[in-house]
Amino acid sequence: MRDRNAYENSSVWNMVSEIKQDEYINSLSPGMRNYLMYLLEDIERRKNTNCYYVSESTLNTLNNDLGYIRDYLSSSSLESYIDRAFEHLASSWPAHNGRRVVDIAQSTYNHYVDEAEKRIKEIRDQADKIDSLKDEFDDFLESTKNEIVETKEVVEKRTDEIEEAINARRKEMGEQYEDFLVSAKENAEKSIEQITESYN
């Protein structure tokens with residue numbers, strides 16, 4: 001193309017971004033999602049190609065391929081449209097065709113690294129959450145143990161107080177009963193003595 005601005009503003013690049021941001025990509029099988037991402041990243045890298053080596057028809061064909069891919073993301077025909085886009089890149093893109101395999105390999109590597117980093121972050125977040133929950137549980141367990149100890153001490157103290165009160169009351173009642181027996185005995189002896197004297 002003779003117009004660099006037209007090349008850089010081609011709808012191909014916007015189409016790539018649009019497809020990459022489509023939420024349905026996450027619903028694809030891992031293999032199909034990776035295959036599609038390789039294509040999109042390969043196309044993005046080719047934007048650095050000297051525009052004079054790229055014909056307008058090549059961009060138009062690629063744009064049509066991407067349009068089909070966007071429209072058929074949920075279709076079983078998606079793989080065939082991705083295949084066709086790769087074929088068009090290999091056959092009609094004049095620059096860097098010899099690097100296609102290398103580029104795809106690098107794209108694969110980058111994608112797997114991104115996926116691994118994302119997974120590692122998820123695992124770390126889950127581990128942090130588990131640690132946080134464990135800390136909360138440990139705090140709760142320690143608090144509960146302290147409450148049990150305090151409750152036990154209160155109960156034991158109260159039990160001792162009740163026992164002391166019972167013993168004191170028992171002792172008091174025992175002393176009153178003994179006093180009553182002594183008094184009753186003395187009264188009985190006096191009554192017997194009076195009756196005896198009255199018959200003498």
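**Meeting a six-helix chain**

Reader: Let's start with a single residue. What is the relative accessible area of K20?

Author: Happy to begin there, keeping in mind that this is a predicted model. Residues count as buried under 20% relative accessible area and as exposed over 50%. K20 is partly exposed, because its relative accessible area is 31%.

Reader: Which residue does K20 meet in a salt bridge?

Author: The partner is found elsewhere in the chain: K20 belongs to helix 2 (residues 11–20), while the partner sits in helix 3, 24 residues apart. The closest nitrogen and oxygen of the two side chains are 3.2 Å apart. The partner is partly exposed, with a relative accessible area of 33%. Its name is E44.

Reader: How far apart are the C-alpha atoms of S17 and E44?

Author: S17 lies in helix 2 and is partly exposed, with a relative accessible area of 31%. Along the chain, S17 and E44 are 27 residues apart. In space, their C-alpha atoms are separated by 9.0 Å.

Reader: Are helix 2 and helix 3 roughly parallel or roughly antiparallel to each other?

Author: Helix 2 and helix 3 have axes 10 Å apart, and they pack at an angle of about 150 degrees. Angles over 145 degrees put a pair in one class. Helix 2 and helix 3 are therefore roughly antiparallel.

Reader: How many residues in the contact of helix 2 with helix 3 are nonpolar?

Author: From helix 2, the contact draws on V12, W13, V16, I19 and K20. Helix 3 adds L36, M37, L40, E41, I43 and E44. Three of the contact residues are charged, none are polar, and the number of nonpolar ones is eight.

Reader: Are helix 3 and helix 5 roughly parallel or roughly antiparallel to each other?

Author: The axes of helix 3 (residues 30–45) and helix 5 (residues 78–92) are 11 Å apart, at an angle of about 30 degrees. Angles under 35 degrees fall in the class that applies here. Helix 3 and helix 5 are therefore roughly parallel.

Reader: How many charged residues are in the contact of helix 3 with helix 5?

Author: Helix 3 brings M32, Y35, L36, Y38, L39, D42 and I43, and helix 5 brings L78, E79, I82, D83, A85, F86 and L89. Eleven of these residues are nonpolar and none are polar. The number of charged ones is three.

Reader: D42 is part of that contact. Which residue forms a salt bridge with D42?

Author: D42 counts as buried, because its relative accessibility is 0%. The partner is buried too, with a relative accessible area of 2%. The closest N and O atoms of the pair are 3.4 Å apart, and the partner is R46.

Reader: What is the angle between helix 4 and helix 5?

Author: Helix 4 (residues 56–71) and helix 5 have axes 9 Å apart. Helix 4 and helix 5 are roughly antiparallel, because their angle is over 145 degrees. The angle is about 165 degrees.

Reader: How many polar residues are in the contact of helix 4 with helix 5?

Author: On the helix 4 side, the contact is made by T58, T61, L62, D65, Y68 and I69. They meet L78, Y81, I82, R84, A85, H88, L89 and S92 of helix 5. Eight of the contact residues are nonpolar and two are charged, and the polar ones number four.

Reader: Which residue forms a salt bridge with R158?

Author: The two partners are three residues apart in helix 6 (residues 100–198), so they are separated by about one helical turn. The closest N and O atoms are 3.3 Å apart. The partner of R158 is partly exposed at 35% relative accessible area, and that residue is E161.

Reader: Which residues are joined into one network by salt bridges that share partners?

Author: The count of salt bridges comes to nine. Where they share partners, salt bridges can link residues into a network. The members of this one are E18, R70 and D71.

Reader: Finally, what percentage of the residues in the protein chain is buried?

Author: The chain has six helices and zero strands. Contacts between residues 24 or more positions apart account for 77% of those with a separation of 6 or more. Of the 200 residues in the chain, the buried share is 24%.

Methods:
Residues numbered from 1 in each chain as written. Predicted model: local features only at pLDDT ≥ 70, side-chain atom pairs only at ≥ 80, totals over all residues. Heavy atoms only, no water. Axes fitted to C-alpha atoms, helices over the stretch in contact; angles between N-to-C directions. Helix = DSSP H or I, 4+ residues; strand = E, 2+ residues; numbered from the N terminus. Parallel < 35°, antiparallel > 145°, perpendicular 65-115°, else oblique. Contact = heavy atoms within 4.5 Å. Nonpolar A, V, L, I, M, F, W, Y, C, P; charged D, E, K, R; others polar. Salt bridge = Lys/Arg side-chain N within 4 Å of Asp/Glu carboxyl O. Buried < 20%, exposed > 50% of the residue type's maximum accessible area, 1.4 Å probe, protein only.
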